[in-house]
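Colleague: Please take a close look at a single strand in this predicted model. I would like its pairing and its charged contacts in one connected account.

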Amino acid sequence: MQLDRLPYDPGALADFYEEGLAGLGALCARSWHDRLEVVAEGRGAALWNRDGAMFSGELQFVPANASGPRSAAGEVFPGCPLTFALAEALRPAPLVLERAVLAGETAARLPEPSVLERLWRNQFPDTGRWRLTAPLARAHHFSLVALARCEIQAIDQHWTLQRVALGLPGGAPDAELARDLGFSRLDPSTGANIGWPAPDLQRWSGLLAEACRHDLAEEIERLRLRQEAHLRRELDRVDEYFDNYTRELETRSRRAGAKLKAEERLAAARAEHARHRADQVSRHEIVVHPHVDALLLVAEPAWRTTVEVVRGQERQSAAALYIPRTRRWELLGA
């Protein structure tokens, strides 16, 4: 899920800078509604001085429609690099894996078998006879939620903010959880009694990268079409220049009669032509750099059981998990 960008608001940004820099140990004072006096050392000063040497200065939060040259060290404006640096400094390092338990149905509310069978058949229409071979037992379904900033480097630089939710262990996208997580009710009383899955960072990073690529597919396609049109114009310009240069060299060589020297110049022109084309292609590449800002492992109530079905002419038995929130089944160990 791609989150909407907040509109540029100098007052809100001034509050963010004041609280964020204070959290890094800086002294801050609002000298005016759009100005912030800052005295910082160490982590707070590293935004201006990489060695953390003391910084003392005033920040001005300029209006969005302000014109003229900007000073990235003393002014805050839309797209200001200082804002990104402050956000990076406030991010915990190493990244903390948070945990949350969603409130759900109580143990007394067992799902009706007829409802479970109907949902199973809707999800797996290729199965025949269906029955539960084990009583429903309370369990938990786990999801991984990440907040990721994606830096898209193209002709112009773009930034997006994604909230990605993946069901574990398979990594199936859960758009509903990503959309509604902020409205979910949490159950703070049961986290200690849950068998949380062990973090698998290598696999999770691959799943998150694939989810981000999927969410950005439409935007990347728009950028790709724009870049291709721009690249074609640049390649045509390069080709036209070297075609004219090559014809001029050939004309001069016929007049002067210096064939060997002309061939050397033509070979150098062909090599330079190829180098310019390769340079334009590399300049028009689209590169995406994801930055994960938050990781959350979510547990939610589910029901575990064993289901026996007939698929084709074969009778099969499988451990399965029913997730009330999504009203879907998950095959365990699949």
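Modeller: Two strands count as paired here if DSSP finds at least two bridges between them. By that rule, strand S6 (residues 127-132) pairs with strand S10 in the antiparallel sense, over four bridges. One of the contacts there sets Leu132 against its bridge partner Val307 in S10. S10 itself covers residues 287-311, and five bridges join it to strand S5 (residues 97-101), with the two running parallel. Strand S7 (residues 137-153) is antiparallel to S10, and 17 bridges hold this pairing. Val298 of S10 stands opposite Ala100 and also opposite Ser143.

After S10 comes a hairpin with strand S11, with two residues between the strands; Gly312 in the turn has a positive phi of about 70°. S11 spans residues 314-323, and nine bridges join it to S10 in the antiparallel sense. Within this pairing, Glu308 stands opposite Ser317 in S11.

The charged contacts add a side-chain link between S10 and S7. Asp293 and Arg149 form a salt bridge, at 2.6 Å from N to O. Arg149 lies in S7 and Asp293 in S10, so the pair ties together parts that are 144 residues apart in sequence. Arg149 has a relative accessible area of 12%, so Arg149 is buried. The two also belong to a network of salt bridges that links Glu88, Arg91, Arg149 and Asp293. The model as a whole has 24 salt bridges.

Methods
Residues numbered from 1 in each chain as written. Predicted model: local features only at pLDDT ≥ 70, side-chain atom pairs only at ≥ 80, totals over all residues. Heavy atoms only, no water. Salt bridge = Lys/Arg side-chain N within 4 Å of Asp/Glu carboxyl O. Buried < 20%, exposed > 50% of the residue type's maximum accessible area, 1.4 Å probe, protein only.
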